[in-house]
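Open the model in your viewer and start from a plain cartoon view. The stops below go from the whole chain down to a pair of residues.

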Amino acid sequence: MVGMSSSGDPAKQEPSWKQRITNAEINGRRVNEAIERGEGNSRPAVFVCECGHLGCSSTLELEIAEYEGVRTNFDRFLVLPGHEIEAVDRVVERHPEYLVVIKPDEEARKSAREADERTP
């Protein structure tokens, strides 16, 4: 069959578009976690937008405590206003400079939980 690999259905091998968006958000969060660890609590830090838009390189400055307020649960992500993706994100907090979104989809929540170093 043309377009099929020897290992079966390509749709089962490639992540869905929703999973790709979730993976992009998780990667943004990993960057921010590293930034937070490097900055300590003494001053504001520049964080990356954790949205699922591939190629987004937007940043914003937050106090470490503000970022900690976002990270109160494994499924919460920091995004700039307008970067939320309605199909995969639900806005749970609105701040002047940023939004906090969660993952209502169970598969996305599972991925976020598994990737979260803070979740036991």
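**Whole protein first**

Turn on the surface: the protein exposes about 7,100 Å², and carbon and sulfur atoms supply 50% of that area. Keep in mind throughout that this is a predicted model.

Next, colour by burial. Of the 120 residues in the protein, 38% are buried, where buried means under 20% relative accessible area.

Now switch back to the cartoon and colour by secondary structure. Four helices and five strands should appear. Stepping along the sequence, the pattern to follow is α-α-β-β-α-β-β-β-α.

If you display contacts, keep those with a separation of 6 or more. Residues 24 or more positions apart account for 51% of these contacts in the protein.

**The sheet**

Select β3, β5 and β4. These three strands form an open sheet in the order β3-β5-β4, with antiparallel pairing. Residues 77-79 are β3 and residues 90-94 are β4; these are the edge strands, each pairing on one side only. Neighbouring strands of this sheet are turned by 40° against each other on average, direction ignored.

With backbone atoms shown, a reminder helps: strands of a sheet pair through backbone hydrogen bonds, either parallel or antiparallel.

**One strand pair**

Narrow the selection to β3 and β5, the latter being residues 99-102. How many bridges join β3 and β5? The two strands pair over three bridges, in the antiparallel sense.

For the last stop, select Leu78. Which residue in β5 stands opposite Leu78? Val100 does.

Note on methods
Residues numbered from 1 in each chain as written. Predicted model: local features only at pLDDT ≥ 70, side-chain atom pairs only at ≥ 80, totals over all residues. Heavy atoms only, no water. Buried < 20%, exposed > 50% of the residue type's maximum accessible area, 1.4 Å probe, protein only. Contact = heavy atoms within 4.5 Å. Areas by Shrake-Rupley, 256 points an atom, 1.4 Å probe, with all protein chains shown as cover. Pairing = 2+ DSSP bridges. Axes fitted to C-alpha atoms, helices over the stretch in contact; angles between N-to-C directions.
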